[in-house]
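Please look at the sequence and the structure shown below before reading on. The report is meant to be read side by side with them.

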Amino acid sequence: MTRYIIRRLLLSIPVLLGVVILVFILARIIPGDPCRAALGERATDAICNAFNVRYGLDQPIPVQFLTYVGNVATGDLGDSIRFGRPVSQILVERLPVTLELTVYALIFAAVFGILLGRLSAIRRNSPIDVATMVVANLGVSIPVFVLGLFFAYLFAVVLKGTPLSLPPSGRLTPGVEVIPLAKAWGLTSLGGPPRVVLDFLSNVNTINAVLTLNGSLLVDTLRHMILPAVALGTIPMAIIARMTRSSLLDVLGLDYIRTARAKGVRERDVVAKHGMRNALLPVVTVIGLSLGGLLSGAVLTETIFNLAGIGRTITEAIQGRDYIIIQGVVIIVAIIYIVVNLVVDISYALLDPRIRLT
Amino acid sequence: MSRTPRRSPLLALLATAGILVAACGGAATPSPAASTAAPAAASAAASTAPSVAPSSAPSAAAFTPMVYPATGNVDCAAKTFDGKAYTGEVKAIKALDAKTVEFDLCVPDVAFLSKVAFSSFAINDTDYLAAHVPDGSIVQQPNGTGPYMLKEWVKGDHITLAANPNWTGTPVLAPTVVVKWSAEAAQRLVELQSGNVDGIDNVGTTDFETVSKDSTLKLFPREGLNTLYIGMNVADKPWDNEKVRQAIGMGIDRAQIVKNFFPGGSSVADYFTPCSIPNGCVGDPWYTFDPVAAKKLLADAGFPNGFKTKLQLRDAVRGYMPQPKIIAQEIQSQLQKNLGITATIEVQESTTYIDNSDAGKLDGLFLLGWGVDYPDQTDFVDYHFAGGTKAFGPLFPDVVGAIKKAAQGASDDARKADYITVNGLIKQHVPMVPVAHGGSATAFKADVEGAHSSPLTSEVFAVMKPGDRTQLVFSQNAEPGGLYCADESDGESLRVCEQITQGLYGYKVAGTAVEPALAKQCTPSADLMTWTCDLQENIKFADGSTFDANDVVQSFAVQWDAANPLHKGRTSDFSYWAGLFGGFLNPPAQ
Amino acid sequence: MTLHAEPFSIEIADPLAGQKPVSLLRDTLRNILRQRSAIVGLTALAFLVLVAIFAGVIAPFDPTQPLLGIEENARPRLAPCIHLLGCPAGQPEHLMGLDGNARDVFSRVVFGSRVSLQIGFLTVGFAIILGTIIGSIAGFFGSRADNVLMRLMDVLLAFPALLLAIAIVTVLGPGLINAQLAIGIVAIPVYARVMRASVLSIRGQDFVAASQALGESSGGILMRRIVPNALTPLIVQGTLGIAGAIIDVAALSFLGLGAQPPLAEWGSMIGDERNAVFSAPHLVLVPGIAIIITCLSFNLLGDGLRDALDPRLNR
């Protein structure tokens, strides 16, 4: 097991290096001028020359690349061109938003996907099954941006004034304050990596609300998260429902289930104790793999619901030619993605004793 | 902007991500120890500001007037400073005493007051500059004499402003102001309709009617101090033929475009400069729409059956360009129908497009516009037709001559005749076809007293009272880049800065006229080459320090002198200084 | 989802001539027609294809012609006018109203079906061809080629697909072709992996060894023995992938990176009018529903195909 993990980690090094190279090349060959993107349309040539010197953009590309790889290897992701602040700091502010969004979307997708899939499998070929599968197929067929616009219209405008009304955008209602954990716990003098971790956790509003027992913050956060999480989670929910259905149908046709039934075990227990446990194995993989889809979808969801997460940060950085942000954020996302895949594979092995990792 | 290694924060970040990711994967839970680990020192640029303050810390007792440049002289005739090239118009800035400042110029500048009223030239405290410029913290944490002060800036999400306790003007009506942002007009409108915000900027073109009909909302149309034009580069064929350019000028039904695709409050552009700018629309108005005459001109020029060309644009919504692709498609269809010209639409990325236009590389027809910086003709015609941009190709000597002559005039009346000539020559040569002055609007909840819109997009929150609420929430297009506005150029940053800081002059609420702010009055000498400003007394900055003449000199000096140790901001380019006052002392080597 | 059925029997000269061959192909067809979802999907798809072919006949107007000044009272974003539903007969009929440029939305939606179907097939076709080549080389030749190629695929997979596509389009310049290319590129790893898995599972089987023993070249074995047998999972994956490709290209167009004006493409129709969603909701809803129906039909068909081809479900 340990050897497997080490091997996988080693294997991910060339992948990561490939990511760094690819993203660096992509960032450089994007047409456009970072100077005028950052400084406005009326910046003169003289100003832009000075700007390029300051950011090393006047150096030959290979030199820029080596400098960059050196910096990344020592943990420095550089300073954003547009914001003039370290990329790591921007990540501490923006990653929690995307994290919160994708986790809620994943929870929605997993819970409802598994429930629907199970229902559908148990009632195979019944109207419920057909209806569920239609919903599931509809789910994968609706673009996030159509669903998002529709939700915003329905819940914020049509249902305005009813208990069902939900905020159409943003993370919190103006006026709801988030007290940084560092301040709440009197740790403002804390520095270094622990402080970064603390600030990161503090920026995850849900964690912050729970740790500081701030009920109104928790409620407001959840209310703002419902629409984007559902819009984002619909496609993975549909995929998970289909996977659960077919996987459960597979398992329910196996001999040991027949044995259990023959022994007179109640059908409900057959499904719950014998069927689901084994049927969930492939579902776990699908849940893990849908994280990539969620991060992609987050780009559009964050745009439509006006959330300042990393998806929108990267698209804005691409539009604004902020190479440094593009590079830094994409590398971090790739690392997260690689780690998640590893975790999925390992959990797969833990769940299924038949699989031995070598 | 150093590149010192930041190993630790990144690793910690990865660790956090790892922990959380692992938590989702069901393998581990975040240990509370991780969040309460041992303290160390980092990540606190603001709290550990290195004290690199210059030695000349003024004591409270004696006032030592500051003069800039302290050494060396600007030679206006030779256009040099200390032997180095200098292209600017400012010669010297002197504090005469604690309450008087004198500006010496190289050329007469009738627009001087309009320029100093621009929010980039707000006054900062000398000591604050010394303490917060070197580490860049001033970009995140401004300090001004305005009605509000920054309380909190949650990056990416919102900015909270609180009333400035040291403000001595009319008390603010909303103790707290929250500024949010959203790039989509529809989203801003939903926020307003759902009651989450009190006011929004730039109501969408199609939503003017929706807002007007809604009794709980109120629309505040904003006059369009901007111009959308169809440009042509005279160096390229067939635009080198004046008849072809005139044909385009006559062959586009501009009224149809404005009527169908621009929001209320927009007008057909009959001159390049909008009428609210003094001398903007004097002389002959533009050609009337006449497709028959236009076709005849084209035939005379040798194109009886039209020709093929490109119609270039960028997909960026601006005051002058409310619906970029839709307006481009309308012009495309008019070119075909009215003139037989087949144009293919080419959308370019925004910054590439600006680069290409400034370099004169847009070889087809191109759609571009200009929004006012300060309300004077020089802001419009000088940049476009006297050498600021190469977008239209080689300059017309007669136009350049007339513009240069007009800029020297001592008063608006004295310049009128010259601008009649300028406008007439532009109409004759047609380097571009002015299409529209695009109106826009803010919208507020009906119960917000004092709500307004400003033609310069400088809405003043201090005069607004949000019903019985204590908090005014405003949603604008984008997040400010930074809040040290000497070094910012976008309207979104400037609007927030204007609530926090003041300049010597300011613009009247909802107007374009200047009125004194930190100065009681600035008076010019007879030749308009020297401006002397008497300053307000007993003014304090938000941080408690007192405002005096040296603050004025220093606030200007750090922008003016590229070699000043405090010549630093978010981008350190101070593009508005260069744009409005011509150039820097000790400009960076090319 | 590794469905490696028994090899197809595609020999033409059947030794048991006269007796009807029990081919997997026919079995499959029968199986597909037994799947309700596949039938629904196929029907909807056939309808879409007909609409696309006869777009010129169905659409009452030129989809790119603004009607300002051509038709009386035409103005941007005019509400739908349907005579059957009480719209005055004197007013020209526009089933789905006019768009921001005063063009007939119904005609644009009809012509949009051509664009979307073409996007779906071209994009996935491109990804399948490249993915098949990469996957077969990796799977068949193994070792170093496998390592290099699959790590390359891992690099592509380490990006969120849409972000990578946005970056690629930004590099290539906005446009429908480039958007399709970008979505095609990011889809390659999926097909490469499917292909590689199939090749690996088939490579060890007896009939391949037999061909090898008979002296067939590697290329021959790959082309004639292995690739045809790996097609089934590719077809299933591809059908489902078409729906995804249509949505993704629409997303790029929504962001202004895909189809360029005045082409009628559903994603850009939504993107161009998204700020009019409250004043003229039909301009967003109609193309939105068109995308949903198209993708739904491909997904239903794909699901049906998978169920029909999965031997484990044949009971």
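The text below goes from the whole model to its chains, and then to some helices and strands.

**The model and its confidence**

This is a predicted model, in which local features need pLDDT of at least 70 and side-chain atom pairs count only at pLDDT 80 or more, while totals for chains, interfaces and linings use all residues. Residues are numbered from 1 along each chain as its sequence is written, and chains are lettered from A and ligands numbered from 1 in the order in which they are written.

The model scores ipTM 0.82 and pTM 0.83. For chain C the mean pLDDT (the predictor's confidence in each residue, from 0 to 100) is 84, and 90% of the residues of chain C reach 70 or more. Over residues 1-19 of chain C, however, the pLDDT is below 50, and this stretch has 25 contacts in the model beyond near neighbours in sequence; here two residues are in contact if their C-beta atoms, placed from the backbone, lie within 7 Å. Where pLDDT is low, the predicted coordinates should not be read in detail.

**Chains A and C**

Helices (H or I, at least four residues) and strands (E, at least two) are DSSP runs, numbered from the N terminus. A residue is buried if 20 or more other C-beta atoms lie within 10 Å of its own, exposed if 12 or fewer, and partly exposed in between, with C-beta atoms placed from the backbone. With these terms, two chains can be set out in a table.

| Chain | Helices and strands | Residues and buried share |
|---|---|---|
| Chain A | 15 helices, 0 strands | 358 residues, 55% buried |
| Chain C | 11 helices, 0 strands | 315 residues, 52% buried |

Along its principal axes, the C-alpha trace of chain A spans about 85 × 60 × 45 Å. Among the contacts in chain A between residues at least 6 apart in sequence, 72% join residues at least 24 apart. In chain C, residues 24 or more positions apart account for 72% of the contacts with a separation of 6 or more.

**Two helices of chain C**

Helix H4 (residues 105-141) and helix H5 (residues 143-157) of chain C pack at an angle of about 145 degrees, with their axes 7 Å apart. Axes are lines fitted to C-alpha atoms, for helices over the stretch in contact, and angles run from 0 to 180 degrees between N-to-C directions. In this packing, Ile134(C), Ile137(C), Ala138(C) and Phe141(C) of H4(C) meet Ala145(C), Asp146(C), Leu149(C) and Met150(C) of H5(C). By class, this contact of H4(C) with H5(C) has 7 nonpolar, no polar and 1 charged residues, where Ala, Val, Leu, Ile, Met, Phe, Trp, Tyr, Cys and Pro count as nonpolar, Asp, Glu, Lys and Arg as charged, and the others, Gly among them, as polar.

**Where chain C meets chain B**

The contact between these chains takes 21 residues from chain C and 21 residues from chain B. On the side of chain C that touches chain B, the residues divide into 10 nonpolar, 7 polar and 4 charged.

**Sheets and strands of chain B**

Chain B has an open sheet of 5 strands in the order E1-E5-E6-E25-E24, with antiparallel pairing; two strands pair if DSSP finds at least two bridges between them. Strand E1 (67-68) and strand E24 (519-524) of chain B stand at the edges, each with a single partner strand, so one side of each is left without a neighbour in the sheet. E1(B) is joined by 2 bridges to strand E5 (residues 90-97) of chain B, and Val67(B) stands opposite Lys94(B) in E5(B). Helix H16 (residues 549-560) of chain B packs on this sheet, touching E1, E5, strand E6 (100-105) and strand E25 (530-535) of chain B, and the direction of H16 makes about 160 degrees with that of E5(B).

Another open sheet of chain B has 3 strands in the order E2-E3-E4, with antiparallel pairing. Strand E3 (residues 80-81) of chain B is joined to E4(B) by 2 bridges, and Thr80(B) stands opposite Ala85(B) in E4(B).

Strand E12 (residues 226-231) of chain B is mostly covered, since 6 of its 6 residues are buried. Asn226(B), Leu228(B) and Ile230(B) lie on one side of E12(B), and Thr227(B), Tyr229(B) and Gly231(B) on the other. E12(B) pairs in the antiparallel sense with strand E16 (residues 365-371) of chain B over 6 bridges, and with strand E17 (residues 432-437) of chain B over 4 bridges.
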